[in-house]
There are 2 protein chains.
Amino acid sequence: MSDKDVTKKLAAWIVGCRLDDIPTPVREEGVRTFFNWMGCAVGGARHETVDRALAGITPFAGKPQATVIGRGERLDVPNAALVNGISSHVLDYDDTHLKTIIHPAGPVASALLAAAEYHPLSGRDFLNALIVGVEVECRIGNSVYPDHYDRGWHITGTTGVFGAAAAVGHMLKLDERQMTWALGIAATQASGLREMFGTMCKSLHPGAAARNGALAAFLAQAGFDSSLQSIEAPRGFANVLSTKQDYEEILGGLGERWEAGLNSYKPFACGIVIHPTIDGCQQLREELGTDVGRIAAVRLRTNPLVLELTGKREPKTGLETKFSVFHAAACALLRGDGSPTAFTDEAANAPELIALRRKVEATSDPSIHEASVVIEVEFEDGRRIERVIERAIGSHDRPLSNEQLERKFAHQSALVVGTEVTDRLMALCWRLPELADVGEIARASVPAGLRDAAE
Amino acid sequence: MSDKDVTKKLAAWIVGCRLDDIPTPVREEGVRTFFNWMGCAVGGARHETVDRALAGITPFAGKPQATVIGRGERLDVPNAALVNGISSHVLDYDDTHLKTIIHPAGPVASALLAAAEYHPLSGRDFLNALIVGVEVECRIGNSVYPDHYDRGWHITGTTGVFGAAAAVGHMLKLDERQMTWALGIAATQASGLREMFGTMCKSLHPGAAARNGALAAFLAQAGFDSSLQSIEAPRGFANVLSTKQDYEEILGGLGERWEAGLNSYKPFACGIVIHPTIDGCQQLREELGTDVGRIAAVRLRTNPLVLELTGKREPKTGLETKFSVFHAAACALLRGDGSPTAFTDEAANAPELIALRRKVEATSDPSIHEASVVIEVEFEDGRRIERVIERAIGSHDRPLSNEQLERKFAHQSALVVGTEVTDRLMALCWRLPELADVGEIARASVPAGLRDAAE
C-alpha cells in the first residue's frame with residue numbers, strides 16, 4: 001500500500017465510524033473490554049504506585065471533573081485519565097491484543113471515561129468511541145510490530161496515545177482536519193521505554209498515554225495544528241520509532257476486519273508466558289486433592305520465552321514473584337491462586353510456597369507453543385502424572401467467558417471497594433450500551449463513605 | 001567509558017553541584033541564557049499558537065500557582081511550564097547549543113520558573129538549578145547527536161525533559177536515589193518528532209518537555225520509582241532513541257568543562273543557516289543608503305544547507321518566510337529587519353519585498369562554512385559590490401554582547417507588553433543572582449492592567 005495520506009485516511013475513518021457500522025460481536029467485545037478494564041482499575045486503585053502518583057500530581061490538579069476509579073478523589077480530566085491508566089495496569093491483569101502485546105483499554109478507556117464525566121456521553125456513544133480508539137491503537141501497533149517492540153518501546157504507551165486521541169476526538173466530534181491534527185499531536189508525544197518494566201513507570205505509560213491522548217484531542221479542538229502526515233512521513237512516527245512500516249495494517253479492511261474484536265483478558269495477574277503453567281497446575285490441584293502435600297517434584301516443559309522472562313528462582317517480593325514460573329506453579333498447586341493475591345510479598349515469603357517452588361524444575365523446548373505447557377508431577381511414592389495444556393485459558397482459542405470475567409472482576413474489586421459496590425458496578429458495566437450518562441459508572445466505583453468524604 | 005551507572009553518576013553530580021562550584025563565566029552565561037529566554041517568552045506570548053494551547057488546556061488547569069509570562073493568566077505549575085515553553089520557542093528566536101542544535105532554555109527555564117513561583121527560590125539557587133539543567137540536557141544531547149537528530153527526533157524535546165527534571169529536582173533538593181528516578185521518569189517520556197517542524201507542535205516540544213520534566217521531579221519526590229539505568233540500559237533512552245551512545249560525553253569532565261557555557265543566542269528570528277545572509281545584507285544596507293532602491297541583482301554563495309533548508313522562492317505566509325533565504329535577504333536589505341516582524345504574513349506579501357526577493361539568486365558551494373556567506377550586489381548601472389561574512393553575528397565566534405541581547409529583548413518585548421514593563425523586566429533579569437524570590441520576575445512580566453484582571 002502507498003504510504004500517502006495514511007494519517008488523513010485513518011482520521012477520515014475515525015470521524016465517520018458509527019456504532020451501527022460495527023458488527024455485533026465486536027460491540028460485545030467492546031463491552032467486555034470495558035468491563036474487564038473497570039475491574040482492573042478498581043482492583044489496582046489502592047496500590048502504592050497509585051498512592052505515590054496521586055501524591056505527586058494532586059498539588060497541581062484542576063477542578064474535580066472526573067473520578068479516580070475506586071477511590072474518593074476527584075481530579076481534572078487529564079489527571080484522572082493519568083491515574084486511572086496507572087491503576088488499570090498496575091496489577092498486570094488487564095487486557096491484551098495478543099498480536100502486538102498492546103494492553104488496549106488502559107490508555108483508551110481511562111481517557112474516555114474521564115472525558116465523559118466532563119462532557120456527558122451516552123453508553124452507545126461511549127462504546128462507539130472506545131471501539132474506535134482500540135481499533136486505531138491496535139492497527140498502528142500491527143503496522144510497526146514486532147520491530148518497534150523489539151527496539152525497546154513499550155507499545156502500550158507509544159500506540160496507546162493514538163488510541164486515546166482517537167477515542168476522545170470521536171466523542172468530541174472533531175472534523176477530519178482536527179482529527180488529523182489530534183493524531184499528530186499524539187504522535188509527537190509517543191513514548192515509553194521497556195527498560196521501565198519492573199518499576200512504577202511501567203504503569204505510568206498507559207496513564208501518560210491516556211492523559212496525552214486526551215489533551216491531543218482537546219488541543220486539536222482548540223485549533224492547535226500539527227503535521228497532516230504524522231504517522232507515515234519520513235520523520236513521522238513509524239519511520240522514527242520503527243524499522244518496519246506496514247501501512248496496509250492500518251488502512252486495509254478498515255470497518256471490515258476488526259482488531260478490537262480480538263481483545264483477550266488475562267485470567268492471571270502476571271505475564272502471559274506463565275499462564276499455561278498456572279492453568280495446568282490449577283487443573284492438577286483439582287485432580288490431586290490432598291496428594292498436593294505429597295509432591296516430590298514438578299517438571300515443566302515450556303516455550304523458551306518462559307525461562308527467559310520468568311526464570312527467577314528465589315523471588316523476594318510480590319513484584320518479583322511475577323517473574324518466577326516456579327512460584328507461579330507452586331502457588332497454583334497449593335492455593336489454586338493466580339489472581340493478584342498470588343503475587344504479594346506475603347506469597348513470596350510463605351514457607352510452604354517456598355518449599356514447593358524449590359521442587360519445581362523447568363526446561364525450555366522450542367517445539368512447545370507459547371500458549372502451551374507439559375507438566376509432570378512426581379509424588380514421594382514414585383507415582384507420576386502428566387498434564388498437557390494445548391492452549392491456556394485466556395488465550396485466543398480459549399477466551400474467558402462472561403462468567404469468568406465476572407469472577408475475575410468480583411475477586412479483585414471486592415478486596416478494594418467491598419462486595420456491594422462491586423455487584424452494583426458490574427451490573428452497570430454490563431448495561432453500558434443502555435446508559436444515558438456513562439459518568440454514572442465512574443461514580444458508582446466509589447464506596448459511599450469515600451464519595452461523601454470527597455464532596 | 002564504561003556504560004555502567006551513567007544515570008546514577010549523573011544524578012549524583014546533579015545533587016551535589018553548588019553555585020560556588022560553577023566558574024564565573026558559566027554563571028554569567030547562565031544569566032544571559034535566562035535573560036534571552038525571558039525576552040523570547042514575552043515576545044511570543046501573544047502568538048496564536050499560545051492562544052490555542054491556552055484554549056485547549058485552561059478548562060483543566062489547576063490552582064493559579066504560576067504566571068503565564070507576558071499575559072494575565074495564572075495556571076498550575078505544570079501547565080504554566082507547558083505554555084511558557086511554547087511561547088519561548090514559537091518565534092524561533094531562542095537560544096542554541098550549537099553542537100547539538102538543542103534550544104536549552106525552553107524546557108529548563110520554563111519548568112524552573114513555574115516551580116519557583118510555587119516553592120519560592122532565591123536567584124542564586126535558581127541560577128544554580130538552571131545551569132545544572134542546561135548542562136544535563138546538552139551533555140545527554142552530545143552523547144547521541146547527530147545520529148539521534150538525524151533519525152528524526154527533535155532533540156530539544158527529547159533531551160529537554162531530562163534538563164527540566166534535573167533543574168526542578170535540584171531546586172527540590174531530591175536525594176541521589178530520587179534524582180535517579182526523576183531522570184528515569186523523564187527518559188520514559190522523551191518524545192518530539194522533527195516531522196512537526198512548520199506546525200504548532202514544534203513549540204509544543206519544549207513546552208511538553210518542561211511540563212513532563214517538572215512532573216518527573218515532583219513524582220520522584222513523592223516516591224514514584226523508576227529504572228536506575230534509564231539512560232544507558234539496553235532498552236533505555238540512548239539505545240532505543242539513537243544508534244550512537246557516547247557516555248563519555250555525559251560523564252567526562254563533569255564540573256570541569258561546561259556545555260552550559262557554550263550557549264548562543266539568535267540575533268534573527270529564523271533558522272541559523274540564513275543568519276550569515278541576514279547579517280551581511282544588514283551590513284550592506286548601512287553602506288548602500290538610497291542605492292538599495294537601485295539593486296538589479298543579489299547573488300549569494302552559500303553553504304549547501306541553506307538551499308536545502310530555506311530554498312522557498314515564493315513564501316506566502318509568515319511561517320513560510322522563515323524558510324526563504326530570498327525573502328530574508330530582501331527584508332534585511334530593504335528594512336534592515338531580521339527580528340520577528342521580518343517573518344510575518346505582512347512581510348511575506350509586501351510588494352517591495354516580493355520585487356526584491358525575485359532579484360535574489362543563491363548557489364550552493366560546499367567550500368563555504370555554515371556560518372559564512374559571500375554576497376554580491378549588482379546595481380542597475382552595472383556597478384557591483386561584494387561582502388564576505390566569515391562568521392555571522394550570534395555564532396560561537398561572534399557572540400551577541402549584553403547590549404545586543406538587550407536590544408533583541410526590548411524590540412520583541414515592547415511589542416507585547418510595552419516599554420515600561422520591558423525596561424523593568426530587563427533590569428530584574430540582569431539582577432537574577434541577587435533576588436530573594438525569583439517569582440518576582442515572572443510576575444513583573446505582566447502589565448499591571450492584565451495582572452489586575454486576572455486577580
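The following conversation concerns a predicted model with chains A and B.

Trainee: What is the mean pLDDT of chain A?

Mentor: The mean pLDDT, the predictor's confidence in each residue from 0 to 100, is 96 for chain A, and 98% of its residues reach 70 or more. The model scores ipTM 0.94 and pTM 0.95. In this predicted model, local features need pLDDT of at least 70, side-chain atom pairs count only at pLDDT 80 or more, and totals for chains, interfaces and linings use all residues. Residues are numbered from 1 along each chain as its sequence is written, chains are lettered from A and ligands numbered from 1 in the order in which they are written, and side-chain values use heavy atoms, without hydrogens and water.

Trainee: By what turn can chain B be laid on chain A?

Mentor: A turn of 180 degrees with a shift of 0.0 Å along the axis lays chain B on chain A with an RMSD of 0.1 Å, superposed by least squares on the C-alpha atoms of residues with pLDDT of at least 70 in both. The two copies are thus related as by a two-fold rotation axis.

Trainee: Which residue of chain B comes closest to that axis?

Mentor: B:Gly62 does, with its C-alpha at 1.7 Å.

Trainee: Moving to α8(A), where does this helix bend?

Mentor: The helix, a DSSP run of H or I with at least four residues, numbered from the N terminus, bends by about 25 degrees at A:Val161. That bend is the angle between axes fitted to the seven residues ending there and the seven starting there.

Trainee: Is α8(A) mostly covered or exposed?

Mentor: Mostly covered: 17 of its 17 residues are buried, meaning under 20% relative accessible area with a 1.4 Å probe, protein chains only.

Trainee: What comes just after α8(A)?

Mentor: A:Lys173 takes a positive phi of about 55 degrees there.

Methods:
Helices (H or I, at least four residues) and strands (E, at least two) are DSSP runs, numbered from the N terminus. Buried means under 20% relative accessible area, exposed over 50%, partly exposed in between (1.4 Å probe, protein chains only).
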